Amino acid sequence: MSDKGRIYFYGTLPKKGEPPFGGGEVGNLRTVTTLSQNGYDVRIVRHGKASSGQSKAFRHLTYPFRFLAGVGKWFFLLLFGNRKSIAHVSGFYGSTMPLDVTLVDIASFLGYKTVYELRGGGATEFYNSGDNKYKRRFKRAVSKACCVFSQGLENKPLLDSICSTPFFYYPNSVNASFYPESLPEKPLDKINVIFFGRIEPAKHPLLSVEAISLLQKDFRDLHFTLIGRGEESYVNLVKKAMNEKLSPGSFEYVPGCDHDSLKSYLERMHFLIFPSAQKREGQSNAITEAMSFGVIPIATPQGFTRSVVGFGELIVENLGAESFASAISSIIKSGKIPYYSGLCYTRFKENYTEETVSASMLNKYDELFRDRQSIR
């Protein structure tokens, strides 16, 4: 076993040799890689997931088998493991709460110090709307853990009200290879606004198009770029709206691009429009990646966006095209684009770089292992 200690990790991870898919896999892979590269011996149990090509009915039918397979692997790994190690469960609560609490129960029963990580958003909403059984399971999981890792500060009030478990803020970060070393210079001859991510109704790309249409009545030099993929019928609907409502030559649709190519778009953008109403919105990678280039996010408070952005005037409380257009217009007319761009870039550098977040997480794990000799 490594000098620093062994960690048994359960979570959603890509298969060996495959790239991560989705924020959960990206975040978990970063955690495992950081721990491994800094002296910890990490043993993994991958959460069994259904293939994206399988039907919804088939996924439901096979879930019990995937549940039992994951629980079985976890149990036998810990049964024959070193009790001075730490068990780390990266969960998504909600519909996965039965699995999450079972994994925590097993680790606790076998005498392990256990970290329970809350990935994604919606923990408070799930708890408040859940039945008594759900609330008991959630409370048991967070109470048995030695520490709860959370992507969002917004989860702390709930946890403080139901348990005394220490809370650790563990936000998403942006890889060092992605963001620029200094704030990029922005174009002075036009205003560039971007929407990037999944093209789906809950993200409200149509509202974004309407907001841009309103802005173009006052700012003829305003250009809109929309990047992303989605169901063909819905994407076509969004493209149709762009063609009908926006000035010719003032917009661009990019059907997705690789992560590295995204940088060339962000470096010349002034605003990110982010009208998400997605129920499981947590800490959006789009928000922090935009801020890493000094792009000013104008966003709903969905998920953890309010605490990540940090500036209330950039948060739009009312989900409407007029509200988003007004927020962007106000900053343009005030001449404060450079001011807010600098604020966002500085906030990113201080809180969401890979180096900052990784160092914080490693310090927390070093702390958890200091008293490992006292673990049963």
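A cavity is here a set of grid points where a 1.4 Å probe fits but cannot get out, and its lining residues are those with an atom within 4 Å of a point. The exercises below apply this and related terms to a predicted model.

**Exercise 1. Describe the largest cavity by its volume, its lining and the character of the lining residues.**

Step 1. Begin with the count, which comes to 1 cavity of 30 Å³ or more; the largest cavity has a volume of about 40 Å³.

Step 2. List the residues that line the largest cavity: Gly27, Arg30, Thr31, Arg119, Tyr170, Pro171, Asn172 and Ser173.

Step 3. Sort the lining of the largest cavity by residue class, which yields 2 nonpolar, 4 polar and 2 charged residues. In this sorting Tyr and Pro count as nonpolar, Arg as charged, and Gly as polar.

**Exercise 2. Work out the order of the sheet of 6 strands, and state which strands are its edge strands.**

Step 1. Read the order across the open sheet, which is β2-β1-β3-β4-β5-β6 with parallel pairing.

Step 2. Look for strands that pair on one side only: these edge strands are β2 (41–46) and β6 (167–169). From one strand to the next in this sheet, the twist averages 20°.

Step 3. Examine the pair formed by strand β1 (residues 6–11) and β2, which run parallel and are joined over 6 bridges. Within this pair, Tyr10 stands opposite Val45 of β2, and Phe9 stands opposite Ile44 of β2.

Step 4. Follow the chain from β1 through helix α1 (residues 22–37) to β2, a β-α-β crossover that is right-handed.

**Exercise 3. In the sheet of 5 strands, find the order and explain why one side of β9 and of β11 has no neighbour in the sheet.**

Step 1. The order of this open sheet is β9-β8-β7-β10-β11, again with parallel pairing.

Step 2. Because β9 (251–254) and β11 stand at the edges, each has a single partner strand, and one side of each is therefore left without a neighbour in the sheet. The twist in this sheet averages 20° from one strand to the next.

Step 3. Turn to the partners of β10: strand β7 (residues 191–196) pairs with β10 in the parallel sense over 2 bridges, with Ile194 opposite Leu272 of β10. Strand β10 (residues 271–274) also pairs with β11, in the parallel sense and over 4 bridges, and here Phe271 faces Ile296 of β11.

Step 4. Add the connection: β10, helix α10 (residues 285–291) and β11 together make a right-handed β-α-β unit.

**Exercise 4. Decide whether the residues on the two faces of strand β11 are buried or exposed.**

Step 1. In a regular strand the side chains alternate between the two faces of the sheet.

Step 2. For β11 (residues 296–299), Ile296 and Ile298 lie on one side, while Pro297 and Ala299 lie on the other.

Step 3. These four residues are all buried, and both faces of β11 are covered.

**Exercise 5. Is Pro338 buried or exposed, and how far apart are Pro338 and Val115?**

Step 1. Locate Pro338, which lies in helix α13 (residues 337–351).

Step 2. The relative accessible area of Pro338 is 60%, and since exposed means over 50%, Pro338 is classed as exposed.

Step 3. Pro338 and Val115 are separated by 223 residues in sequence and by 41 Å in space, C-alpha to C-alpha.

Key. Residues are numbered from 1 along each chain as its sequence is written. This is a predicted model: local features need pLDDT of at least 70, side-chain atom pairs count only at pLDDT 80 or more; totals for chains, interfaces and linings use all residues. Side-chain values use heavy atoms; hydrogens and water are left out. On a 1 Å grid over the protein atoms alone, a cavity is a set of points where a 1.4 Å probe fits but cannot get out, and a pocket is an open set with protein on both sides within 12 Å along at least five of seven lines; lining residues have an atom within 4 Å of a point. Grid points are joined across faces, edges and corners, and a volume is the space filled by probe spheres set on the points. Buried means under 20% relative accessible area, exposed over 50%, partly exposed in between (1.4 Å probe, protein chains only). Two strands pair if DSSP finds at least two bridges between them. A crossover is right-handed if, with the strands pointing away from the viewer, the path from the first strand over the helix to the second runs clockwise. Axes are lines fitted to C-alpha atoms, for helices over the stretch in contact, and angles run from 0 to 180 degrees between N-to-C directions.
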